[in-house]
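Work through the exercises below with the sequence and the structure side by side, and try each task before you read its solution.

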Amino acid sequence: MQEIDVDELNAFIKALEERQQATDRLFEKTRQELREISLQADKRFEETRQELREISLQADRRAKEADKRAEEADKRFKEMSLEADKRSKAIDKRFEETRQERKEMSLEADKRFAEMSLEAEKRFKETERVIKESDLKTDKQIRELRGEFTSRWGRLVESLVSGDLVKLLKARNIDIDRVYGNDKGIWQGQQYEFDIVACNGTDIVVTEVKSMLNIKSVDYFLERMKLFKLSHSNEVRDKNLYGAVAYLHVDNGVDVYAQRQGLFVIRATGGSASITNQAGFTPKSF
């Protein structure tokens with residue numbers, strides 16, 4: 001067995017100790033560097049976290065500002081909506097008041113007409129009584145009554161022909177330059193007669209005059225308008241053909257019915273006349 005050299009062993013142990021010490025120093029150095037890296041990473045993480053927090057706070061502030069603006073806009077919208085509703089209700093109220101006023105005026109007119117009718121009936125009955133008393137006197141009264149009616153009827157037709165119809169239609173943007181009455185003729189064996197015809201270069205308005213306007217007379221006139229178009233084809237070609245009804249008295253609601261059929265409606269009042277169609281009325285072109 002070979003003997004161990006103590007000096008060599010000690011030298012070997014010393015070398016191991018030195019290597020171990022070098023390894024410990026390297027480990028400590030590495031550990032220190034890792035610690036510094038970890039601290040730097042923690043610092044950077046904290047800075048990043050702080051930045052994210054600031055960004056989040058700013059986002060929250062902006063979101064709150066946006067919510068506030070949205071609330072203000074919503075509040076303003078509600079205020080505008082309430083104001084619009086208020087104005088709409090005021091308009092509806094005024095419209096209803098106007099409708100009620102027109103209804104009352106219409107009722108008053110109907111009442112007045114009924115009173116006049118009763119008065120007329122009363123006079124007629126008185127006339128019948130007078131007839132029994134004296135045929136001669138009665139004949140004279142009848143002639144006077146007929147003369148009064150004929151005169152009133154004649155004044156209405158004459159008034160429309162002589163100028164009122166021109167003014168009335170001009171107010172509805174139809175400028176008439178020619179008016180003539182009693183348009184008679186025969187077309188393919190059919191006789192026709194139209195009370196008043198008003199025309200210009202682009203429009204023709206045929207007017208039927210009735211002492212009492214009822215639905216039957218309106219429907220009959222609508223049919224006669226077809227005959228006018230056929231019998232006056234050369235005149236009507238490339239022109240707007242409109243219809244109108246004028247009256248002294250009217251059955252309840254017939255004036256509205258005539259308007260719905262697209263006709264101008266003319267009401268005789270005393271010695272003049274007026275169109276009763278609502279504003280914005282568009283006549284039917286036949």
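**Exercise 1: The order of elements**

Read along the sequence, this chain, which is shown as a predicted model, follows the pattern α-α-β-β-β-α-α-β-α-β-β.

Task: State how many helices and how many strands make up the secondary structure of the chain.

Solution: Go through the pattern α-α-β-β-β-α-α-β-α-β-β from its start, keeping one tally for each symbol. The tallies come to five helices and six strands.

**Exercise 2: The sheet**

Task: Describe the order in which the strands form the sheet, and find which strands are at its edges.

Solution: Begin with the order, which is 1-2-3-4-5-6 in an open sheet of six strands with mixed pairing. Next, look for the strands that pair on one side only, and you arrive at strand 1 (178-187) and strand 6 (272-275), the edge strands. Finally, follow the twist, which averages 35° from one strand to the next.

Task: Work out in which sense strand 2 and strand 3 pair, parallel or antiparallel.

Solution: Locate strand 2 at residues 190-199 and strand 3 at residues 203-213, and then compare their directions: the two pair in the antiparallel sense, over four bridges. As a detail to check, Cys199 stands opposite Ile204 in strand 3.

**Exercise 3: A helix across the sheet**

Task: Identify which strands helix 3 lies across.

Solution: Find helix 3 at residues 215-231, and you will see that this helix lies across strand 1, strand 2, strand 3 and strand 4 (240-250). Then take strand 2 as the reference, to which helix 3 runs at about 90°.

Definitions and conventions: Residues are numbered from 1 along each chain as its sequence is written. This is a predicted model: local features need pLDDT of at least 70, side-chain atom pairs count only at pLDDT 80 or more; totals for chains, interfaces and linings use all residues. Side-chain values use heavy atoms; hydrogens and water are left out. Two strands pair if DSSP finds at least two bridges between them. Axes are lines fitted to C-alpha atoms, for helices over the stretch in contact, and angles run from 0 to 180 degrees between N-to-C directions. Contact means heavy atoms within 4.5 Å.
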